[in-house]
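Here is a short tour for someone meeting this structure for the first time. Keep the 3D view open and follow along.

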Amino acid sequence: MVKRESDTSDIFKLRKKFIVNFPWLFNLAEKNDNVESFKEALYSYISSFTNVIDDGSRDLQQKMIRRILLLIDYDNTSVDELSTGEKLSVFTISYLWHFLRGTLTKNVSVDLFIDLFHQFELLIRPELVLPERSLVKRQMNRWPTGLDEDILAIRNANKERIIGCLIRKIERYHSSSSKYQFPEEMTYEEKYKQVSEWWNIARFHLTMAIKSPTELNFFLGYSLSEETMQLLYRAKKKGMPFFVTPYYLSLLNTSKDGYDDKTIRSYVLYSEELVDTYGEIKAWEKEDVVVAGEPNAAGWILPEGHNIHRRYPEVAILIPDSMGRACGGLCASCQRMYDFQSKHLSFDFESLKPKETWDQKLRRLMRYFEEDAQLRDILITGGDAFMSQNATLQKILDAVYRMAIRKRKANENRPDGKKYAELQRVRLGSRLLAYLPLRITDDLVRILKEFKEKASTIGITQFYVQTHFQSPLEITPEAKMAIEAIQSAGWTITNQLVFTVSASRRGHTAKLRRTLNSLGVVCYYTFSVKGFHENYAVFTPNSRSLQEQYEEKVFGVIPENKRDELHSIIRSQGLFGKKLIGFLKENNLLFAATDRSVLNLPAIGKSMTFTTVGLTEDGKRILRFEHDASRRHSPIINKMGSVYIKENKSIAAYLRQLEEMGENIKEYRSIWSYSEGITEPRFSIYEYPSYPFEITDNMTNLELYNSH
């Protein structure tokens, strides 16, 4: 847990620093005996602020002037915080006035004034950040991949230890009704050989998944601390699901030597904040709260149950009533933790097997897509699409195919301008390529290939497996084989990353992009962590996302005149990893920056267009967001007005956390200057193709609230 610093000695030291560095600011506070007159004087001073600087920094200084004026404008106002629905009072400059005069009576964190100190420092000495390619390369080289020989050696040892644990588990605890059991006469060597063979079967790993803290510690060689164990026991007592496959566990490093596994470890081990709030977690994606017959938060009318989720006009998510409601493990920062809490998603495989009524329900759900005027994109996820059994997944894909045919046929009777959008894109969302790549079998690949071949004849042109690698350490020989198998079926693999604290360390995401590109995987989204308190330990402020974009991802930006060429490479059939790496070398790129850094705003979509309008008493930034203007949204956004989000952590607390991880925080010093952002454009392969006809502007299945 990251502790908040707010003791009086730190406040006192920082106040002295303000007085020394900004005597004019201190004098303004001393001369004005109420906060309103101080704000007027400060506004006047900042508005006319001039300083002798070079021309290259003048624009930056003007930006800082606007930034501080906005903090003054928002002081002593309240905003509607979208994620919580609460009225949030803003007193940034009022706190500053009391701080400078030494009259603070409220428990205000030093983190707030650290942030303000840097804002005034940037005003006086605006620093133009010039990213260095050589530095980014050095930072990338810090991070190993799961394909490196030294990592493989450690993991082979992990696998041997875990196989020994599995033998003991089967001998002592496993049900006699299981297919994974030993005949009585088997020797230990024979058992070891048998488990080594079973290791290559995905079902074995799911059956043998670790489901308790005690078992986890046993499989990790009793390497977990007493503090960690007590936290996990508390999580278990609260009913938090616990599920880790032996395969994924073998990726963790149990010794102090070897490699830094914090990024993948933070997906397995829960934080104190997550455990504390479990049972009271609210849905960040407010549109995922579905009541049959009533519009969701984005205004869409959805069928009964929890099978279809929708935010945008063109795309809806399908979550099947199958084992696809489970995962290969529970990510500690999962955006659907609310659904695990409410039991909509689970690891109870028997209860998740499709019932006889599922086929009928699936037909009804397909009618929703068929009869909607704008839907052209279906994302089958969960849970995890590849957790469904092959027969179930084939039924779902067949239903999608038949629905697409009917929708196309119905358009023959509609005139131009009245035609409905036809299905163009099918996506399967799965993290099993990282969690359990052994799931990608020949039979599964055959299903994907056959569907792609026949669906291509009816106008569907985009076939994506949307996966989630969080670290280059997850890219193992098994994952590489799984990736190549899916690509051989003609599907494009795209990756989305959650920008957790450990993943946000310098060079880490850049190295992941490069490693994925070498295998022909295209990066899609880099998501900010949802800002609720349960994610406090893993939350990275949006300013770091912008810093990564401008100082690291910049070395992967594709030249304008080369984007069509990259588009063609990605659209080419078969394995194109070598072609992609060749393209990068030819254009002097470290990787292909085809991903967008975004925050998922509740109900209205993804965006990184924001400006900072205030700071809370504990130093968390208050951001005013605009929606992504480059894509269509539900008309609900026209009723929403400005969108405000309170971040989950101060920048100062984030930097302390990095320092505790061993990072040199001097390398992050420019983070304070990133107070406003603009959403990046989408790379062309993520755009929908044009139709050879004109579709209707009418939106069906839509009912907007009278007010919002």
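## Helix H28 and its surroundings

The buried residues of H28 pack against three elements: helix H6 (110-124), helix H24 (542-551) and strand E13 (621-626). The model is predicted. H28 spans residues 651-660 and is mostly covered, with eight of its 10 residues buried. Those buried residues are Ile651, Ala652, Ala653, Tyr654, Leu655, Arg656, Gln657 and Leu658. After H28 comes Gly662, which has a positive phi near 100 degrees.

Now take the partner H6. The axes of H6 and H28 come within 8 Å and cross at roughly 100 degrees. The two helices are therefore roughly perpendicular to each other. On the H6 side, Asp111, Ile114 and Asp115 make the contact; on the H28 side, Ile651, Ala652, Ala653 and Arg656 do. The residues of this contact of H6 with H28 divide into four nonpolar, no polar and three charged.

## A second helix crossing

Helix H3 (residues 35-47) meets helix H5 (residues 92-101). Their axes come within 10 Å and cross at roughly 100 degrees. That makes H3 roughly perpendicular to H5. H3 brings Val35, Phe38, Lys39 and Leu42 to the contact, and H5 brings Ile93, Ser94, Leu96, Trp97 and Leu100. The residues of the contact of H3 with H5 divide into seven nonpolar, one polar and one charged.

## Aromatic rings

How many aromatic pairs does a search of the whole structure find? It finds 32. One is Phe91 with Tyr95: the ring centres are 6.2 Å apart and the planes stand at 65 degrees, so this pair is edge-to-face. Phe91 is partly exposed, at 28% relative accessibility. Tyr95 is buried, at 11%. Another pair is Tyr691 with Phe693. Here the centres are 5.0 Å apart and the planes are at 20 degrees, so the pair is stacked. Tyr691 is buried at 16% relative accessibility, and Phe693 is buried at 18%.

One aromatic cluster is formed by Phe18, Phe22, Trp24, Tyr45, Phe49, Phe99, Phe113, Phe117 and Phe120. Phe117 also has a charged visitor: the charged end of Lys17 sits over its ring, 4.8 Å from the centre. Elsewhere, Arg414 lies over the face of Tyr420, at 3.7 Å from the ring centre.

## Two buried loop residues

Glu314 is found in the loop between strand E3 (308-310) and strand E4 (315-318). Is Glu314 buried or exposed? Its relative accessible area is 6%, so Glu314 counts as buried. Leaving aside neighbours within four places in sequence, Glu314 is in contact with Gln374, Leu375, Arg376, Asp377, Arg632 and Tyr688.

Leu438 sits in the loop between helix H20 (432-435) and helix H21 (442-455). Leu438 is buried too, with a relative accessible area of 15%. Again leaving aside neighbours within four places in sequence, Leu438 is in contact with Trp199, Asn200, Ala202, His205 and Glu478. Ile483 is 45 residues away along the chain, and the C-alpha atoms of Leu438 and Ile483 are separated by 11 Å.

## Backbone points to look at

The peptide bond from Gly382 to Gly383 is cis, with omega near 20 degrees. Gly383 lies in the loop between strand E5 (377-380) and helix H19 (390-411).

Tyr222 has a positive phi although it is not a glycine. Asn701 likewise has a positive phi in a residue other than glycine. The table sets out their values.

| Residue | Phi | Location | Relative accessibility |
|---|---|---|---|
| Tyr222 | about 55 degrees | loop between helix H11 (213-219) and helix H12 (226-237) | 55%, exposed |
| Asn701 | near 55 degrees | segment after strand E15 (676-677) | 26%, partly exposed |

Terms used. Residues numbered from 1 in each chain as written. Predicted model: local features only at pLDDT ≥ 70, side-chain atom pairs only at ≥ 80, totals over all residues. Heavy atoms only, no water. Helix = DSSP H or I, 4+ residues; strand = E, 2+ residues; numbered from the N terminus. Buried < 20%, exposed > 50% of the residue type's maximum accessible area, 1.4 Å probe, protein only. Contact = heavy atoms within 4.5 Å. Phe/Tyr/Trp six-rings, centres within 6.5 Å; stacked < 30°, edge-to-face > 60°. Lys NZ or Arg CZ within 6 Å of the ring centre and 35° of its normal. Axes fitted to C-alpha atoms, helices over the stretch in contact; angles between N-to-C directions. Parallel < 35°, antiparallel > 145°, perpendicular 65-115°, else oblique. Nonpolar A, V, L, I, M, F, W, Y, C, P; charged D, E, K, R; others polar.
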